[in-house]
Amino acid sequence: WKKTMRVSPPAAPLLQWANQQEQVWAAGNNGEELVLKELKRRLAGTWTIAKGYRNHKGEIDLVAMGLDGIVALEIKYLSGVVHCDGDRWYRDKYDNYGNLIQIGVAIEDGGGRAPSRQLNEAADALQTFLHQAGISGNVLRVVVLSHDHSQIGTLQNQTVDRICRVRELDLSAFCRGRCTESWPSEIEKAVSLVQKDHACHNKPRAATAGCT
């Protein structure tokens with residue numbers, strides 16, 4: 001790690017798990033690639049980005065780990081104006097000419113979870129896992145709207161740390177002041193633990209019984 005810190009100019013962040021059985025995201029995959037491109041542009045080689053991290057509570061699109069902290073990112077490739085009130089998310093949709101065509105369309109997954117619940121459930125489990133292993137600090141939660149025509153509307157009582165568009169994505173700034181003094185010495189261990197936890201939960205269901 002110390003050797004990496006001395007390298008100049010910094011390399012691009014390390015990307016893990018760019019997938020042995022590539023998942024099919026369709027439009028959502030385009031959104032992830034946009035976010036990855038922006039992170040590679042902004043972040044130095046001291047960051048590791050894990051793609052498609054899984055645990056017993058779900059999946060996190062991207063987990064970024066670096067000197068500034070650890071960040072869980074949920075990426076939504078949605079056009080229109082996105083609103084959030086706690087764990088209720090909805091959007092107003094417009095046609096290609098800018099005409100409003102639908103109001104209050106719910107944003108949720110197949111289980112009825114809003115983006116904040118999707119992210120927080122898996123991020124809470126990740127944070128607990130790291131704390132139990134002696135890793136300090138908390139997991140920052142960020143929902144990224146990656147569509148070119150997405151806009152942020154009314155935000156109230158939000159349960160994640162940040163909701164932003166791709167061009168506003170600045171993990172170092174988001175993390176500023178949140179790390180404990182011991183965090184720099186814990187990064188390598190945290191990256192290894194996240195990798196092992198993902199590998200355990202990415203096995204067929206019958207093989208995950210021993211995962212904690």
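A salt bridge is a side-chain nitrogen of Lys or Arg within 4 Å of a carboxyl oxygen of Asp or Glu. Keep that in mind as we walk through this structure, which is a predicted model.

Let's begin in helix 3, which covers residues 115–132. Here arginine 117 and glutamate 121 form a salt bridge, and their closest N and O atoms are 2.9 Å apart. That distance fits the definition, because the limit is 4 Å. Why are these two separated by about one helical turn? Because they are four residues apart in helix 3. Arginine 117 has a relative accessible area of 34%, so it is partly exposed. Glutamate 121 is partly exposed too, with a value of 25%.

Salt bridges can also share partners: Glu38, Arg41, Arg42 and Asp170 are joined in this way into one network. One link in that network is the salt bridge between aspartate 170 and arginine 42, where the closest N and O atoms lie 3.6 Å apart. This pair brings together distant parts of the chain, as the two residues are 128 residues apart. Arginine 42 belongs to helix 2 (residues 27–42), while aspartate 170 sits in the loop between strand 10 (162–165) and helix 4 (171–175). Both count as partly exposed: aspartate 170 at 28% relative accessibility, and arginine 42 at 35%.

How many salt bridges does a search of the whole structure find? The search finds 12. Another of these pairs aspartate 109 with arginine 113, at 2.9 Å from N to O. Is arginine 113 buried or exposed? Its relative accessibility is 18%, and the cut-off for buried is under 20%, so arginine 113 counts as buried. Aspartate 109, at 21%, is partly exposed. As a general idea, side chains of opposite charge can pair when their charged atoms come close.

Now return to helix 3 for a residue with another kind of partner. Serine 116 lies in this helix, and its relative accessible area is 0%, so serine 116 is buried. Its side chain makes a polar contact of 2.5 Å with the side chain of aspartate 87.

Next, look at the strands. Four of them form an open sheet with mixed pairing, in the order 7-6-5-9. Strand 7 and strand 9 (150–156) stand at the edges; each has a single partner strand, so one side of each is left without a neighbour in the sheet. On average, neighbouring strands of this sheet are turned by 15° against each other, ignoring direction. In general, strands of a sheet pair through backbone hydrogen bonds, either parallel or antiparallel. Which arrangement, parallel or antiparallel, do strand 5 and strand 9 show? They run parallel, and five bridges join them. Strand 5 spans residues 80–85. One example to find on screen is aspartate 85, whose bridge partner in strand 9 is glutamine 156.

Our last stop is the other edge of the sheet. Strand 7 runs over residues 100–106 and includes isoleucine 103. At 66% relative accessibility, isoleucine 103 counts as exposed, because exposed means over 50%. Which residues join isoleucine 103 in a nonpolar patch on the surface? They are Tyr94 and Leu100, and together the three residues have about 320 Å² of accessible area.

Conventions:
Residues are numbered from 1 along each chain as its sequence is written. This is a predicted model: local features need pLDDT of at least 70, side-chain atom pairs count only at pLDDT 80 or more; totals for chains, interfaces and linings use all residues. Side-chain values use heavy atoms; hydrogens and water are left out. Patches are made of residues with over 30% relative accessible area and no salt bridge: like charges are joined within 9 Å, nonpolar side chains (Val, Leu, Ile, Met, Phe, Trp, Tyr) within 5 Å. Accessible areas come from the Shrake-Rupley method with a 1.4 Å probe; for residues, only the protein chains shown count as cover. Buried means under 20% relative accessible area, exposed over 50%, partly exposed in between (1.4 Å probe, protein chains only). Two strands pair if DSSP finds at least two bridges between them. Axes are lines fitted to C-alpha atoms, for helices over the stretch in contact, and angles run from 0 to 180 degrees between N-to-C directions. A polar contact is a pair of N or O atoms within 3.5 Å; within protein, one must be able to donate a hydrogen and the other to accept it, and residues adjacent in sequence count only if both atoms are side-chain atoms.
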